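Reader: Hey, can you walk me through this model? I'm new to this, so plain words please.

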Amino acid sequence: MANGLEKETGFTMFSDDELKDVNGVKRVGEYVEVMCGCTSHRYGDAVGRLRVFVNGYLEITCECTPGCQEDKLTPFAFEKHSGRETARKWKNNVWVIVNGEKVPLYKTVLLKYYNQALRTTNGSHKSQNGRACHRDEFIRCTRCNKERRFRLRTKEGCRIHHDALADPNWNCSNLPYDKITCDNEEERGSRRVYRGCTRSAACKGCTSCVCFGCEICRFSDCTCQTCTDFTRNAIVKT
């Protein structure tokens, strides 16, 4: 049966063959809904309803208990809410039922539009040489009060800085590279002025090295307001 989007445009998000073995499929308005879940070794299965939108947005209504009020969760937030011990791997940990078996989302067709949206937004913030450009940032240790450098050259580096910035108790021992402890000297002030700008070595911040949001430094599996707003706005433009 065609949903509202199909009636208006003739477009079908997923064919019947693509979803024939997936449990609990509903075609509602401009999204497809399926039953999903996430398993915690401690708390067991938390189930919910995953909605897949044509613009790539994913949201889950949790049904872990009859009185649960958690609605419109990102997959990452649902994974965390379920009590999953190895969080931040929602593509692996959130599952749907296919042919009676729990199958991770990344092995299904349900991420097709999500992946397309990410590819479309890829490269939205680049320097003149075509590479994503973010200057180095510093965060102060809550124990020794020394500032430590974060290199935002890759998505992994940006994520490390992003999570550290959100941690009110961040300290030197949490830095995954350089093996820095509170006993190490703080970087000299004369050295800290060099932060990796491609336009000027001692730049204090310009449009070439200060990013206000791109696919490198924003994360679809993060529930902070900045990342959530970026993900919503980026995929709506597709």
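Reader: Which residue does Arg 51 meet in a salt bridge?
Author: Arg 51 meets Glu 33, side chain to side chain, at 3.1 Å from N to O. A salt bridge here is a side-chain nitrogen of Lys or Arg within 4 Å of a carboxyl oxygen of Asp or Glu. Arg 51 lies in strand S3 and Glu 33 in strand S2 (residues 31-40), so the pair ties together parts that are 18 residues apart in sequence. Strands (E, at least two residues) and helices (H or I, at least four) are DSSP runs, numbered from the N terminus.

Reader: Is this a predicted model, and how are things counted?
Author: The model is predicted, so local features need pLDDT of at least 70 and side-chain atom pairs count only at pLDDT 80 or more, while totals for chains, interfaces and linings use all residues. Residues are numbered from 1 along each chain as its sequence is written, and side-chain values use heavy atoms, with hydrogens and water left out.

Reader: Back to that pair. Are Arg 51 and Glu 33 buried or exposed?
Author: Both are buried. Buried means under 20% relative accessible area, exposed over 50%, and partly exposed in between (1.4 Å probe, protein chains only). Arg 51 has a relative accessible area of 18%, which is why it counts as buried.

Reader: What else does Arg 51 touch?
Author: Leaving out residues up to four places away in sequence, Arg 51 touches Tyr 31, Val 32, Glu 33, Tyr 57, Leu 58 and Glu 59. Contact means heavy atoms within 4.5 Å.

Reader: How many salt bridges does the structure hold?
Author: There are 16. One of them pairs the side chains of Lys 102 and Asp 45, at 2.7 Å from N to O. That pair links distant parts of the chain, with Lys 102 in strand S6 (residues 101-104) and Asp 45 in strand S3, 57 residues apart.

Reader: Why does Lys 102 count as partly exposed?
Author: Because its relative accessibility is 42%. Asp 45 counts as partly exposed too, because its value is 40%.

Reader: What about Arg 149? Which residue does Arg 149 meet in a salt bridge?
Author: Asp 136, again at 2.7 Å from N to O between the side chains. Salt bridges that share partners also join Glu 33, Arg 49, Arg 51, Glu 59 and Glu 63 into one network.

Reader: New topic: how many helices and strands are in the protein chain?
Author: The chain has 8 helices and 8 strands. Of its 238 residues, 41% are buried.
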